[in-house]
Every structure is written in structure tokens, then in C-alpha cells.
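Biologist: I am new to this structure and would like a close look at a single part of it. Could you take one helix and explain what its buried side is packed against?

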Amino acid sequence: LETGRFTDTEFLHHPVAIMTAVSSIDTSPLSLLDQLKSMKQLPRLFQKGIFDSAILRISIIVHDHHHDKIDPQAFARAETTVAVLRKQYGDHLVKLIEINSIAPPPGSLDAANASI
């Protein structure tokens with residue numbers, strides 16, 4: 001896992017924000033985000049207090065609609081997770097990204113455009 005381009009003598013690459021993303025189908029996305037956002041996950045210069053660790057931290061929940069066919073409640077749980085996070089961190093720091101990994105049926109307009 002690469003956490004940044006930081007060395008003990010480098011101050012040019014101080015990030016302005018940290019984005020943490022988890023899948024909506026993780027068994028416990030809230031606790032996983034907490035683990036990923038912990039101080040021990042930050043580069044050494046943040047842990048030592050050389051860089052300010054109070055930077056913008058954005059939480060991203062990625063939901064693949066392919067799972068909706070397997071589990072009809074998957075999207076509702078993703079929305080609930082996002083609502084809990086938004087209440088905890090604020091609307092501007094939590095995003096839900098929806099993707100669809102299901103391949104379009106052969107011969108459909110989407111399938112024709114996918115090859116362009």
C-alpha cells in the first residue's frame with residue numbers, strides 16, 4: 001500500500017486531502033473506514049506531528065449495482081451507510097459512487113458504444 005511520496009526531509013508533497021474508499025458490500029464498511037482513517041495508517045511525518053494530520057478526509061462508499069441482483073437490499077444498506085457517515089462527518093465529506101459492472105447485452109446500444 002502506497003501512502004504518499006513522503007520522506008523525512010520532503011515538504012513539497014503535503015496533501016490537502018485524504019480520500020478513503022470502501023465497498024458497500026464489505027461486512028462492516030463503517031469500522032473499515034475508521035481503521036483506514038486512523039493515525040497509524042498515515043505516513044510517518046503525520047504520525048510524528050511534522051505535517052498537520054487535521055487535513056480534509058473524504059469518505060467514499062463505492063456501490064456496484066451488480067450486487068443488487070444478488071442482494072436486493074444491498075443498495076439500501078449502502079444508502080444507510082452513507083447517511084450515517086454524513087451525519088457523523090458532514091455531507092460534503094462523504095460521497096456515494098455508484099458503478100455498474102454488469103456487461104451490456106450483446107447487440108445493445110451500450111455494447112456498441114463500449115467498443116468505441
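Modeller: What follows is a walk along helix 4 and its surroundings. This is a predicted model, in which local features need pLDDT of at least 70 and side-chain atom pairs count only at pLDDT 80 or more, while totals for chains, interfaces and linings use all residues. Residues are numbered from 1 along each chain as its sequence is written, and side-chain values use heavy atoms, with hydrogens and water left out.

Helices (H or I, at least four residues) and strands (E, at least two) are DSSP runs, numbered from the N terminus. Helix 4 takes in residues 74–89, and its 16 residues should span 22 Å at 1.5 Å a residue, which agrees with its end C-alpha atoms being 22 Å apart; the expected span is 1.5 Å times one less than the number of residues. Just after helix 4, Gly90 has a positive phi of about 110°.

The buried residues of helix 4 are Ala74, Ala78, Thr81, Val82 and Leu85, where buried means under 20% relative accessible area, exposed over 50%, and partly exposed in between (1.4 Å probe, protein chains only). They cover an arc of only 100° around the axis, so they lie on the same side of helix 4; the arc is that of the directions from the helix axis to the C-beta atoms. In general, an α-helix has 3.6 residues a turn, so residues three or four places apart point the same way. Among the elements that cover the buried residues of helix 4 are helix 1 (29–37), strand 2 (56–64), helix 3 (66–70) and strand 3 (94–99).

Thr81, in helix 4, counts as buried because its relative accessibility is 11%. Leaving aside residues up to four places away in sequence, Thr81 touches Pro29, Leu30 and Ile61, a contact being heavy atoms within 4.5 Å.

Val82 and Leu85 also belong to the largest nonpolar core, whose six residues include Val22, Leu33, Ile61 and Val94 as well; such a core is a set of buried Ala, Val, Leu, Ile, Met, Phe, Trp, Tyr and Cys residues joined through side-chain atoms within 4.5 Å. Leu33 touches Thr20, Val22, Ser59, Ile61 and Leu85, again not counting residues up to four places away in sequence.

Seen from the other side, helix 1 has Pro29, Leu33 and Lys37 as its buried residues, and these cover an arc of only 70° around the axis, which puts them on the same side of helix 1. What covers them includes strand 1 (17–23), strand 2 and helix 4.
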